[in-house]
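This report describes the structure shown below. It goes from the whole chain to selected parts.

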Amino acid sequence: MINRNELHAMQMADKYDTFGNTRFPNLLKIAIQQGLEPADSITSEGISCFTRTSLGPTYTGHETFLRSPFCEDVHDVGNYDIAVVGIPYDSGASNRSGSRLGPQGIRHASSQISPFNPDYGVDLCEKLKICDVGDIYTIPANAEKTFDQITKGIGYICSQGTVPIILGGDHSTTFPTLRGISPYIDGNIGVIHIDRHSDCDAIQQDEKMHGTEWFHSIQLPNISAKNLVQIGIGGNCCKSWSKFVRDSGLTAFSMEDIDKYGIDKVAETALDIVWKDCKAVYVSLDIDVLEAAFCPGTGTPDFGGMLPRELLRLLKLVTAPGICGMDVVEVAPPFDVSEITSLAASRCLINVMCNQALNGNMYRYVKK
Ligand SMILES: [Mn+2]
């Protein structure tokens, strides 16, 4: 017989008094101020005439991530702890395209998710100030110009003291993202790369495509292969990967390793590696690490990947000591079914944010 008081659910319920209760009254005030009092026949609290804020039904209102405030003037981004930013770019895709629509797919799916999270026992919006700063203006015909835009945009968010959370986009966007973050971390950056694919080539189709970001990222001054861990590798991988792993010194965990050692042991070992002599850790999640049945809406689906709860458990463990940023890439809504893939991406990001709120050790950028 399980002791009722030891159940996770009961312990989370016991935390009720710690959740905070400012979100609803604040939103209601804004909703009434901007969207008028409701019709006289309406008696329930929390309803305005026009939908404003996130108080309306999930399918109403403007579409930002988690229906967070839209940061219309980018100069105000420093008012927030976290800025969600879209990178609608998929010209780096070597297989199916469509991840240029990833940011809007993820935003739409995220509108169905509540900021209160019983898995973590926190109301995210009571603990962290989150905005959606919109999309980087990408240049579809030119990778290098797009990368320059990404580096400038992500760098600006960091310079304002705010942690960037990125909605991809294909995986080529991770290199310019890290290039943007790199100058704002006073020390080495460890990286956890969760993916079915290794993405270690120098060049593909004569360009920096979505299978090349790690070759280039570890050449940044404060990112080293010694502090790079790949988790979930297998399936469609280039043969050149094995040479790169052997020569560079990165550490990879295959799905075989996860089966053998389990998520907890893999996470513990990964944390030791990424935090060794590092000041901060970045997480890059390719949604195709999930078993293909759980992510039809992606560029390179593969069988034999993680189950959703394995991925959520892994993220809970590896992001607990705090992150300096995270991306979720390769969500391609045109191939999705019932928004499964976009929902998976949203859930992963929201849980990681809740983990930051719970543990209170998200990286603090120095405002410049
Ligand atoms: Mn991949």
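The text covers the overall fold, the domains, the core, one strand and two single residues.

This is a predicted model, in which local features need pLDDT of at least 70 and side-chain atom pairs count only at pLDDT 80 or more, while totals for chains, interfaces and linings use all residues. Residues are numbered from 1 along each chain as its sequence is written.

**Overall fold**

The protein has 12 helices and 10 strands; these are DSSP runs numbered from the N terminus, with at least four residues for a helix (H or I) and at least two for a strand (E). Its radius of gyration is 20 Å, close to the 21 Å that the globule rule gives for 368 residues, so the protein is as compact as a globular protein of that length. The radius is taken over C-alpha atoms, and the rule is 2.2 Å times the number of residues to the power 0.38. Along the principal axes, the C-alpha atoms fill a box of roughly 70 × 60 × 40 Å.

Of the 368 residues, 51% count as buried. A residue is buried if 20 or more other C-beta atoms lie within 10 Å of its own, exposed if 12 or fewer, and partly exposed in between, with C-beta atoms placed from the backbone. Two residues are in contact if these C-beta atoms lie within 7 Å. Among contacts between residues at least 6 apart in sequence, 75% join residues at least 24 apart.

**Domains**

The domain assignment, which is automatic or from a database, gives domain 1 (23–61) and domain 2 (62–359). Their C-alpha centres lie 34 Å apart. In the contact between them, 4 residues of domain 1 meet 7 residues of domain 2.

**Core and strand E6**

The largest nonpolar core has 96 residues, and Ala83, Ile192 and Tyr282 have the most contacts inside it. Such a core is a set of buried Ala, Val, Leu, Ile, Met, Phe, Trp, Tyr and Cys residues joined through C-beta atoms within 7 Å. Helix H12 (residues 340–359) gives the most to this core, with 10 residues. Leaving aside neighbours within four places in sequence, the contacts of Tyr282 include Ile189, Val191 and Met326.

In strand E6 (residues 188–194), 7 of the 7 residues are buried, so the strand is largely enclosed by the rest of the structure. Asn188, Gly190, Ile192 and Ile194 lie on one side, and Ile189, Val191 and His193 on the other. E6 pairs with two strands, as listed below; pairing requires that DSSP finds at least two bridges.

| Partner of E6 | Bridges | Sense | Residue pair |
|---|---|---|---|
| E9 (residues 278–286) | 7 bridges | parallel | Ile189 and Ala280 |
| E7 (residues 223–233) | 5 bridges | parallel | Ile194 and Ile231 |

**Two single residues**

Cys49 is placed in the loop between helix H2 (23–35) and strand E1 (82–87). With 13 other C-beta atoms within 10 Å, Cys49 is partly exposed. Beyond four places in sequence, Cys49 is in contact with Gly35, Leu36, Glu37, Pro38 and Ala39. Its C-alpha atom is separated by 9.4 Å from that of Gln34, 15 residues apart along the chain.

Asn351 lies in helix H12 and counts as buried, with 21 C-beta neighbours inside 10 Å. Outside four places in sequence, Asn351 is in contact with Asn117, Asp119, Tyr120, Leu312, Leu315 and Lys316. The C-alpha atoms of Asn351 and Leu312 are 39 residues apart along the chain and separated by 7.7 Å.
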